[in-house]
Structure formats: C-alpha cells, structure tokens
Amino acid sequence: MTLKSGQNMTQGKNWLLIIVILLLLTACSTVRPEPPDVSLRSLELKDFNLSHALLQAELELHNPNSFSLTIRHADYRLKLNDIEISNGRSNTAVDIPAHGRGILTLDLTAAYLDLIRFLNKSSSTQPLEYQFDGTIEIGGFGIFSYPFPIHEQGTIDLQEWLQ
C-alpha cells in the first residue's frame with residue numbers, strides 16, 4: 001500500500017511541475033516588449049574603391065520599456081531619392097537599457113551603378129530624401145525573440161552630406 005501511495009505522490013509532484021512550467025511559459029509568451037523608437041542619427045560616406053562605395057549609418061534606438069532590450073540583428077534597406085542604394089543584415093548585438101538609448105551602427109555597401117542612378121536623379125539644390133526600412137529582432141527573453149519593423153524617412157542637405 002505504501003508503494004502505491006508513494007507512486008501517487010510522485011505522479012502528483014510531476015503534474016504540479018508540468019503545470020508550473022506551462023504557467024511560466026504562458027506568462028513569458030504574453031510579455032511582448034514595446035518596439036524601440038528608431039531614428040537615423042547619421043549617414044556618412046566612409047570610403048570608396050573601384051567597384052563600390054562604403055557608407056555608414058547610425059540608428060539611434062530608444063527603449064520605452066521598463067526592462068533592457070537586446071537587438072540581436074537587423075535587416076535593412078536604404079533608399080535615397082527613391083533609389084535603393086543598399087540592403088543587408090547586421091548581426092551586431094546592441095544592448096539598450098530600460099528607458100535608455102543605444103546606437104546601432106550599420107556598414108552599408110553601395111554599387112556605383114546605383115549611386116550613378118541616384119546622382120542623375122538628384123539636384124544639388126534639393127534636399128536628399130532618404131527612406132530606411134527593415135526589421136530588427138529583439139532577444140533576451142530566453143528562447144523568445146520578437147521581430148519589429150522599422151521605418152524612418154526624412155531629408156538630408158546633399159551639400160552638407162557630401163562634405
């Protein structure tokens with residue numbers, strides 16, 4: 001009789017453990033962070049060679065959450081005056097403190113053909129219109145990760161940018 005009682009007690013503990021684990025997983029899956037606010041901090045022409053130009057974009061990210069966020073990677077596409085100049089992925093992780101700011105630096109490669117199309121469509125007296133689209137993936141919640149779309153657009157003074 002004690003053997004059965006011990007088995008029932010063990011089975012009860014196992015069921016309790018399963019229920020606790022399921023409750024924790026359910027609670028974790030409902031905690032979805034607010035997406036960070038994204039703005040283009042800078043866009044610089046860093047270098048150029050015979051086949052392409054190297055640009056660097058800095059995105060400023062503001063975390064509206066009461067807990068820190070980790071940006072695991074970012075997929076991006078940059079358009080200048082409606083011409084796609086660069087696209088790619090950054091696998092650089094960035095930690096952003098709760099209610100804090102962080103900088104995500106992206107190294108961009110632009111083919112000369114795209115730059116020539118862009119320059120032919122541009123005017124030195126008109127501001128440069130940019131559009132930055134993509135997805136950032138936020139991790140840091142164990143196995144959970146959350147993709148968030150990003151979209152930033154605006155204008156840059158072309159003369160100032162080329163200097």
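Two strands are taken as paired if DSSP finds at least two bridges between them, and the legends below, which describe a predicted model, use the word in that sense.

**View 1. An open sheet of 3 strands, in the order S1-S2-S6.** In this close-up of the predicted model, the strands of the open sheet follow one another as S1-S2-S6, and their pairing is antiparallel. Strand S1 (37–48) and strand S6 (101–111) stand at the edges, and because each of them has a single partner strand, one side of each is left without a neighbour in the sheet. Neighbouring strands of this sheet are turned against each other by 20° on average, when direction is ignored.

**View 2. The pairing of strand S2 with strand S6, and the helix that lies across the sheet.** Strand S2, which spans residues 52–62, runs antiparallel to S6 and is joined to it by 11 bridges. One residue to look for here is Leu61, whose bridge partner in S6 is Gly102. Helix H2, made up of residues 112–121, lies across S1, S2 and S6, and its direction is at about 95° to that of S6.

**View 3. Asp82, a loop residue with a positive phi.** Asp82 is found in the loop that lies between strand S3 (69–80) and strand S4 (83–90). Its phi is near 65°, which is a positive value in a residue other than glycine. Asp82 counts as exposed because its relative accessibility is 56%, and the cut-off for that class is over 50%.

**View 4. His99, a loop residue with a positive phi.** His99 belongs to the loop between strand S5 (94–96) and S6, the latter being one of the edge strands of the sheet in View 1. For His99, phi is near 55°, again a positive value in a residue that is not glycine. With a relative accessibility of 52%, His99 is therefore classed as exposed.

**View 5. Pro147 in strand S8 and its contacts.** Pro147 is found in strand S8, which covers residues 144–156. When residues up to four places away in sequence are not counted, Pro147 touches Arg32, Thr135, Ile136 and Glu137. Of the residues named here, Glu137 can be placed with respect to Pro147 in two ways, since the C-alpha atoms of the pair are 4.2 Å apart in space while the residues themselves are 10 apart in sequence. Pro147 has a relative accessible area of 46% and is therefore partly exposed, a class that lies between the limits of under 20% for buried and over 50% for exposed.

Methods
Residues numbered from 1 in each chain as written. Predicted model: local features only at pLDDT ≥ 70, side-chain atom pairs only at ≥ 80, totals over all residues. Heavy atoms only, no water. Helix = DSSP H or I, 4+ residues; strand = E, 2+ residues; numbered from the N terminus. Buried < 20%, exposed > 50% of the residue type's maximum accessible area, 1.4 Å probe, protein only. Contact = heavy atoms within 4.5 Å. Axes fitted to C-alpha atoms, helices over the stretch in contact; angles between N-to-C directions.
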